[in-house]
Amino acid sequence: MDEAHAFVNLDLKSPELFRDLAYVNGKWIEAKSGKRFDIIDPGCNKTFATCPDMSADDVDDAVQAAHEAFKLYRTYTPRARADLLSKFDGLIRQHKEDIATILVYETGKPLAEAYAEFEYAASFTRWFTGEAERVQGTTFQAAIPGRRVFTIKQPLGVTAALMPWNFPIAMVLRKASAALAAGCTMIAKPSPETPLSALTLAYLAEKAGFPKGVFNVMPTTLENTPALSEALCKHLLVKKVTFTGSTRVGKILSAHCAHSLKKLTLELGGNCPFLVFDDANLEQASDALMTLKFRHAGQACVTANRVYVQRGVYEKFANVLAEKTRQLQVGHGLDKGTTMGPLTVPTGIDKVAAQVEDAKNHGGSILTGGNRMNLNNGFFFEPTVITNASSSMKVASEETFGPLLALFPFDTEEEATRAANNTSMGLASYCFTKNIDRMWRMFENLEAGMIGMNTGNSSATESPFGGIKDSGFGKESGKDVAINEYLITKTGTLTLEGQY
């Protein structure tokens with residue numbers, strides 16, 4: 001391959017990790033069009049690299065290669081796949097610092113958060129190394145004499161993964177590790193903002209020994225994303241699609257996949273509620289909320305979007321949050337002391353600013369923040385806390401995806417539950433109370449796929465991840481359920497002669 005080139009000195013310990021070509025069928029290639037696109041550092045709004053702009057014209061070659069690779073890879077024993085994943089895991093961990101640095105340049109998140117994402121991401125390669133050998137069939141006692149009924153699990157085939165930009169290595173590895181453990185091949189389409197980290201992982205997968213065509217990465221622009229994604233979804237050799245992103249796009253992809261009845265996993269929008277009752281430990285709740293809300297400047301699907309606080313502790317909790325929010329240090333992700341970075345895309349600033357203005361117009365009060373920040377020409381917005389929030393505000397119904405925290409007062413448990421569930425989405429909900437009876441009621445009554453009980457961010461490789469309602473379906477991570485998304489269950493019925 002031609003030598004990769006970054007426009008700034010990334011200061012990587014292993015410069016070969018920087019990859020700026022697509023990876024298809026074990027080769028580093030340009031797009032057929034020859035076009036490339038810029039990768040922007042959101043901390044300073046400057047181009048620091050470019051990538052090939054793959055299009056729908058490039059899809060068939062990638063799918064055909066992945067299909068040919070599947071014919072071989074499906075024959076690998078579970079132990080052989082586990083060994084490859086183990087080598088992959090070791091190589092990833094060996095390059096922690098460099099991968100974290102690339103993450104900061106792509107996403108803007110502080111270096112400490114990049115390290116945290118790295119640990120979360122690498123937990124999937126480790127977990128699915130074990131899951132590869134834990135796939136099991138079943139046997140059943142037949143109702144008819146002389147019959148034996150049993151099932152086996154087999155890999156689906158070629159899979160496509162469509163990735164977001166907020167946690168690029170975690171999302172790649174959460175999807176790819178499960179697919180590779182199951183015996184599937186994968187074509188990954190990273191977000192236009194963050195293709196480089198996915199290409200680094202492709203390089204390490206190659207070094208780990210995965211056969212050519214087993215793992216492929218196709219970077220593309222925002223303009224080409226719809227057509228390329230549609231081509232993947234409608235290709236008859238692609239047997240499964242997994243997508244993390246907005247509900248609007250998820251519904252479009254679902255329609256595309258219906259064309260050939262593909263298996264589909266959707267992890268979509270959040271608009272997650274966070275409930276704080278009078279008897280909660282306010283320090284515990286506020287610490288959890290600060291991490292949950294302002295991690296990656298609020299750009300996470302599971303972040304708290306609507307914070308409901310019981311009236312008896314409302315003012316006290318608001319003041320605690322405001323004080324902690326003022327202590328956040330905003331800056332470039334590589335600057336020493338930065339605890340909150342920029343938004344990854346400039347449109348994110350506009351959305352937060354619009355929600356703040358709307359909240360003020362509907363009676364909201366700004367406790368702290370509320371303004372755009374002129375800092376290094378990057379995409380920065382002040383971490384913001386708003387009180388006197390109401391259901392008439394945009395922040396009550398729109399997922400913010402930014403550093404805006406709005407506090408809604410409530411009086412009764414029934415009122416809080418009703419408000420929390422008053423959304424089309426159902427990814428995660430959070431509840432803080434020391435009343436165990438109430439906590440269990442919340443666990444059962446909150447309409448979400450994941451419930452944090454006196455817990456903020458609960459995402460973990462051993463915990464099934466996924467939502468309900470307009471937040472999608474299917475599970476990623478967790479024992480059995482995640483790898484099963486990449487397997488078919490085949491039933492066999494055998495009739496014996498001369499046996500009961």
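# Close-up views of a predicted model

**View 1. Surroundings of Thr185 in strand β8.** Leaving out residues within four places in sequence, Thr185 has contacts with Ala66, Ala69, Phe70, Tyr73, Gly157, Val158, Thr159, Gly213 and Val214. The model shown here and in the views that follow is a predicted one. Thr185 belongs to strand β8, which covers residues 185-189, and its relative accessible area of 0% places Thr185 among the buried residues, because buried means under 20%.

**View 2. The whole protein, for orientation.** The secondary structure amounts to 15 helices and 24 strands, and the C-alpha atoms occupy a box of roughly 75 × 65 × 40 Å when this is taken along the principal axes. The radius of gyration is 24 Å, which agrees with the value near 23 Å for a compact globule of 500 residues. Of the 500 residues, 58% count as buried, while the area that the protein exposes comes to about 19,900 Å², with 51% of it supplied by carbon and sulfur atoms. Among the contacts with a separation of 6 or more, 74% are made by residues 24 or more positions apart. The protein carries 52 positive and 55 negative charges, and the mean positions of these two sets lie 6 Å apart.

**View 3. The largest nonpolar core and a second core apart from it.** The largest nonpolar core has 71 residues, and those that touch the most other members are Phe88, Ile92, Leu196, Leu204, Phe210 and Phe215. Helix α5, residues 168-182, provides the largest share of this core, with 11 residues. Another core, of 34 residues, lies apart from it and includes Ala280, Ala304, Leu321 and Phe465. For Ile92, the contacts beyond four places in sequence are with Ile99, Phe118, Thr125, Leu173, Leu201 and Leu204.

**View 4. Asp89 in helix α2.** Asp89 is placed in helix α2, which takes in residues 78-94, and with a relative accessibility of 9% this acidic residue counts as buried. When residues up to four places away in sequence are not counted, Asp89 touches Ala122, Thr125 and Arg126; Thr125 is also listed among the contacts of Ile92. The C-alpha atoms of Asp89 and Leu173 are 9.9 Å apart in space, with their positions 84 residues apart in sequence.

**View 5. Tyr23 in strand β1.** Strand β1, residues 22-24, holds Tyr23, which is buried with a relative accessible area of 4%. Setting aside residues up to four places away in sequence, Tyr23 touches Trp28, Leu199, Ala202, Glu206, Phe215, Asn216 and Val217. One of these partners, Phe215, is also among the residues of the largest nonpolar core that touch the most other members. For another partner, Val217, the C-alpha atom is separated from that of Tyr23 by 5.1 Å, although the two residues are 194 residues apart along the chain.

**View 6. Thr107 in helix α3 and the residues around it.** Thr107 is part of helix α3, residues 96-107, and is buried at 0% relative accessibility. Beyond its neighbours within four places in sequence, Thr107 is in contact with Pro42, Trp165, Asn166, Pro168, Thr194, His296, Pro342 and Thr344. Between Thr107 and Thr194, which are 87 residues apart along the chain, the C-alpha atoms are separated by 6.9 Å.

**View 7. His296 and Asn454, two loop residues with positive phi.** Most residues other than glycine have a negative phi. His296, however, has a phi near 50°, a positive value in a residue that is not glycine, and Asn454, also not a glycine, has a positive phi of about 55°. His296 is located in the loop between α9 (282-294) and β13 (304-310), whereas Asn454 is located in the loop between β21 (450-453) and β22 (468-469). Is each of these residues buried or partly exposed? His296 counts as buried, at 1% relative accessibility, whereas Asn454, at 21%, counts as partly exposed, because the cut-off for buried is under 20%. His296 is also one of the residues in contact with Thr107, which links this view to the preceding one.

Methods
Residues numbered from 1 in each chain as written. Predicted model: local features only at pLDDT ≥ 70, side-chain atom pairs only at ≥ 80, totals over all residues. Heavy atoms only, no water. Core = buried A, V, L, I, M, F, W, Y, C linked by side-chain atoms within 4.5 Å. Buried < 20%, exposed > 50% of the residue type's maximum accessible area, 1.4 Å probe, protein only. Helix = DSSP H or I, 4+ residues; strand = E, 2+ residues; numbered from the N terminus. Contact = heavy atoms within 4.5 Å. Rg over C-alpha atoms; globule rule 2.2 N^0.38 Å. Areas by Shrake-Rupley, 256 points an atom, 1.4 Å probe, with all protein chains shown as cover. Lys, Arg positive; Asp, Glu negative; His and termini not counted. Charge placed at Lys NZ, Arg CZ, Asp CG, Glu CD.
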